[in-house]
Every structure is written in C-alpha cells, then in structure tokens.
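Trainee: Got a minute to go through the charged side chains in this one? I'd like to look at the surface afterwards.

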Amino acid sequence: MKIIFISLLAGLLAGCSTTCQVKSPPQRYAWVTGLKPDLAAHYEDLHAHAWPGVNKMIKECHIQNFSIHEREIEGKLYLFAYLEYTGTNFDADMKRMTDDPETQRWWKETDPCQSPLPDAAAKGKIWSDTKEVYFLP
C-alpha cells in the first residue's frame, strides 16, 4: 500500500513539474480613507451600479475579492478597502489600471466623494496604506 501511494505521489509530482504551475498565494492589500458625508449616498450608489468596464479592468489587473466597507467613527465616515492581488507585478498592473480611460472617468466620479487622511493628502493620494497585523488563512 505504501509503495503504491509513493508511486502515485511521484507520478503526480513528475507530471506536475512539466504541466502544472505552482501559484503563489495572493498578496493582500488594505487601505483607508475618509468619506464626505454629503456625498456618501452618491458614492454608495456608484458602487451599487459599478461600471462593467471598471470591474473588467480590475479583474484584468489580477485583483480578486475586492471589497470596500464603510464605517462611521466618532461622527466621521471612513472607507476601508481590501483586495487580493494574484499577479506578478503589482506596480505594472496598477499603472495599467491608472492609464485606462474608463477607470479614469470612474475615479473622476469617486475621488470627490472621498476625504483623504492627512498622510495620503500630503502625498497627493486618496487612500492611506495600512499594515496587516493578523491573518488566518
């Protein structure tokens, strides 16, 4: 029985070395930004009817499980975004997304709704980076 299992495993591994690609686990990213209260409903409506071309570009840039969450903290609204990146060059894919005309039009709708935190605003960005402190696969 043990020999059969080892032979089977060796056969699978040998076949996999020529035909299978070992995928590395997705990279996880999360950001935070403010949301202007007077534009919160517009922001929510935009995302309730996200443009198909924008969703397509997100997928083409190797992003999965992308979500944005809203929370009021001490009277202020905040957005928390999380995504998983499965590509091999995050910067190149983000440049591709930035260069996409439809994504640029989308951001012209969403950016005015957001209120960057001071560290992001100082860099001319909308979203502030976060640090992962826990993960349970």
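Mentor: We can take the salt bridges, then a surface patch, bearing in mind that this is a predicted model.

Trainee: How many salt bridges does a search of the whole structure find?

Mentor: Six salt bridges turn up in the whole structure.

Trainee: Start with K56. Which side chain does the K56 side chain meet in a salt bridge?

Mentor: That of E60, with an N to O distance of 2.7 Å. Both K56 and E60 sit in helix 3, which covers residues 52–60. They are four residues apart, about one turn of the helix.

Trainee: And how do K56 and E60 fare on accessibility, buried or exposed?

Mentor: K56 counts as exposed because its relative accessibility is 52%, and the cut-off for exposed is over 50%. E60 has 29%, so it counts as partly exposed.

Trainee: What else does E60 meet in a salt bridge?

Mentor: The side chain of R96, at 3.1 Å from N to O. E60 belongs to helix 3 and R96 to helix 4 (residues 90–99), so this pair ties together parts that are 36 residues apart in sequence. R96 is partly exposed, at 38% relative accessible area.

Trainee: Which residues are linked in a network, then?

Mentor: K56, E60 and R96 are linked in a network of salt bridges. E60 takes part in the bridge with K56 and in the one with R96.

Trainee: Why would such side chains pair at all?

Mentor: Opposite charges on side chains can pair when the charged atoms come close.

Trainee: Staying with helix 4, what does D99 form a salt bridge with?

Mentor: With K95, where the closest N and O atoms are 2.6 Å apart. D99 and K95 both lie in helix 4, four residues apart, about one turn of the helix. D99 is partly exposed, its relative accessible area being 44%.

Trainee: Switching to the surface. Which residues form a nonpolar patch there?

Mentor: V133, Y134 and L136 do, and together they have about 420 Å² of accessible area.

Trainee: Where is V133 in the chain, and is it buried or exposed?

Mentor: V133 is in the segment after strand 5, which spans 128–129. V133 is exposed, with 74% relative accessible area.

Definitions and conventions:
Residues are numbered from 1 along each chain as its sequence is written. This is a predicted model: local features need pLDDT of at least 70, side-chain atom pairs count only at pLDDT 80 or more; totals for chains, interfaces and linings use all residues. Side-chain values use heavy atoms; hydrogens and water are left out. A salt bridge is a side-chain nitrogen of Lys or Arg within 4 Å of a carboxyl oxygen of Asp or Glu. Helices (H or I, at least four residues) and strands (E, at least two) are DSSP runs, numbered from the N terminus. Buried means under 20% relative accessible area, exposed over 50%, partly exposed in between (1.4 Å probe, protein chains only). Patches are made of residues with over 30% relative accessible area and no salt bridge: like charges are joined within 9 Å, nonpolar side chains (Val, Leu, Ile, Met, Phe, Trp, Tyr) within 5 Å. Accessible areas come from the Shrake-Rupley method with a 1.4 Å probe; for residues, only the protein chains shown count as cover.
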